[in-house]
Amino acid sequence: MVNIKKKLIRDIAIMSVISGVAAPIVIHRFFLQGHPIDPLEFATSLISNFILGWFIYYVIVRGNLKEYFDNVTDIFRRIRRVLEGSKAHSLEEIKQLKIEAQEDDFIYEVSKEINHFIENLYMSEILDNYQREVGKLFATLATPEVLAESFYNFLLEKFGIVAMAAYMKDSEGVTTRIACFNFKECQITDFIEACFSFKDLKLINVSDVEIELLDKTNVRELLIVPLTSIDVKAILILAKTTKFSGFELKFLRKIRDLMSLGLTNARNYKRLQEESYLDPLTKLYNRRFGMRRFQELISLAERENKPLAVGMMDIDDFKKINDTYGHLAGDYVLRTLSSIVKHHVRDIDLVLRYGGEEILMVLFNTDKYDGEKVFERIRESIEKHRFEFEGKLIKVTVSIGWYPIPPEELTENARNNYKEFIEKADEALYKAKKLGKNRVICYSPKMNENN
């Protein structure tokens with residue numbers, strides 16, 4: 001162990017003795033030649049050099065060193081308090097700990113190393129703070145889409161990430177897009193699929209891919225962040241106008257497991273939500289939720305004095321499809337047919353699985369003329385669609401019965417008597433079946449007279 005104080009005293013004492021002895025000899029050798037050296041001169045020289053050495057040590061060396069080391073001690077004491085105490089003001093405190101020293105100062109190298117330590121401590125505190133912030137974000141109950149938006153806003157604020165896209169691949173290998181922020185194009189391409197093979201963060205030169213942002217910002221670099229959980233893989237594609245720093249890469253590596261867990265929880269949360277209002281096979285609204293939504297649409301149409309069109313659709317000879325091709329083929333037909341129907345309606349419209357192979361459709365602000373066109377377009381699209389299951393083509397047609405509800409029928413009692421509208425659409429469906437199937441029939445009171 002080095003004792004700087006003892007070493008300094010010893011070295012100064014030795015130098016005082018040497019200079020005390022050498023001074024009279026040098027003086028008499030060069031300036032007082034021929035004069036003998038008086039012993040009193042040696043004694044005076046030794047005493048004066050000891051006094052000078054004492055002055056140099058206690059006043060100059062010890063004073064300056066003590067001031068410097070007192071500052072260093074104070075810095076490490078404050079660092080210890082930061083690490084042991086509350087984190088509330090630690091970042092601001094750490095910023096003020098750096099030592100300023102000029103490059104030609106003999107303490108410059110020491111100060112530089114201390115400042116390097118302080119810089120690392122500061123960055124570590126930022127990482128911990130960011131990780132806690134992200135931890136709270138990913139601990140909230142939210143769907144993957146909402147979670148991705150919150151995380152993008154965090155990255156935009158903290159790191160200046162100008163665009164982000166998120167994709168997920170399930171256990172069956174199906175890739176879906178979770179979110180797309182500020183990228184002009186976010187379609188699933190071969191490049192996206194290739195990114196799922198990355199095991200670690202991957203920097204991509206923008207010259208290798210075509211990137212365009214909505215706000216026309218020039219992207220300097222892309223970063224692919226792969227995420228893996230038990231039953232799902234995901235990737236984040238991040239864009240910056242500058243190069244990604246080592247700190248940013250370190251942070252994203254540090255929170256990868258946290259993001260994967262948050263994504264899994266968000267996916268499970270979305271599933272639970274969907275199970276409460278979606279039919280698991282067709283992904284249409286289930287009957288329980290759909291009936292409530294139907295009542296809400298009736299109230300909305302009443303307030304705004306808008307017409308509604310209620311349609312009941314049934315797959316022709318569905319039992320024959322199940323018997324001929326199997327129930328898995330029947331499930332495939334239901335799923336595909338439901339997607340076709342959703343493609344032809346608006347977000348404000350209602351489509352639900354009413355039961356078995358029956359689908360109920362409620363079109364908002366749709367009169368008799370427009371309703372006929374929409375339902376006929378749906379029927380025709382299904383008839384023309386190529387249903388192929390395990391290499392076998394399946395001929396699928398549907399019958400649709402519907403009832404146009406004019407605004408004058410949407411009274412206060414209509415919300416509670418919505419079943420009457422469904423019954424009329426059902427009667428029209430029965431008529432369509434009776435007339436040969438694969439057709440659209442609008443309800444008319446005269447239908448019963450013709451039976």
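**Helix H9 and the cavities**

User: Which residues are buried in H9?
Analyst: Gly 290, Met 291, Phe 294, Gln 295, Leu 297, Ile 298, Ser 299 and Ala 301. Buried is under 20% relative accessible area with a 1.4 Å probe, protein chains only; helices are DSSP H or I runs of at least four residues and strands E runs of at least two, numbered from the N terminus. This is a predicted model, where local features need pLDDT of at least 70, side-chain atom pairs need 80 or more, and totals for chains, interfaces and linings use all residues. Residues are numbered from 1 along each chain as its sequence is written, and side-chain values use heavy atoms, without hydrogens or water.

User: What do they pack against?
Analyst: Strands S6 (308-315), S7 (350-355) and S8 (358-364), plus helix H13 (418-434). Contact means heavy atoms within 4.5 Å.

User: What follows H9?
Analyst: Asn 305, with a positive phi near 60 degrees.

User: Switching topic: how many cavities of 30 Å³ or more are there?
Analyst: Two in the whole structure. A cavity is a set of points on a 1 Å grid over the protein atoms alone where a 1.4 Å probe fits but cannot get out; lining residues have an atom within 4 Å of a point.

User: Which element gives the most to the lining of the largest one?
Analyst: H5, with four residues. The lining has 14 residues, with Phe 138, Ala 148, Leu 227, Leu 236 and Leu 263 nearest the centre.

User: And what lines the second largest?
Analyst: Phe 138, Thr 140, Leu 141, Ala 142, Leu 147, Gly 262, Asn 265 and Ala 266. H8 supplies the largest share, three residues.

Terms used
Buried means under 20% relative accessible area, exposed over 50%, partly exposed in between (1.4 Å probe, protein chains only). On a 1 Å grid over the protein atoms alone, a cavity is a set of points where a 1.4 Å probe fits but cannot get out, and a pocket is an open set with protein on both sides within 12 Å along at least five of seven lines; lining residues have an atom within 4 Å of a point. Grid points are joined across faces, edges and corners, and a volume is the space filled by probe spheres set on the points.
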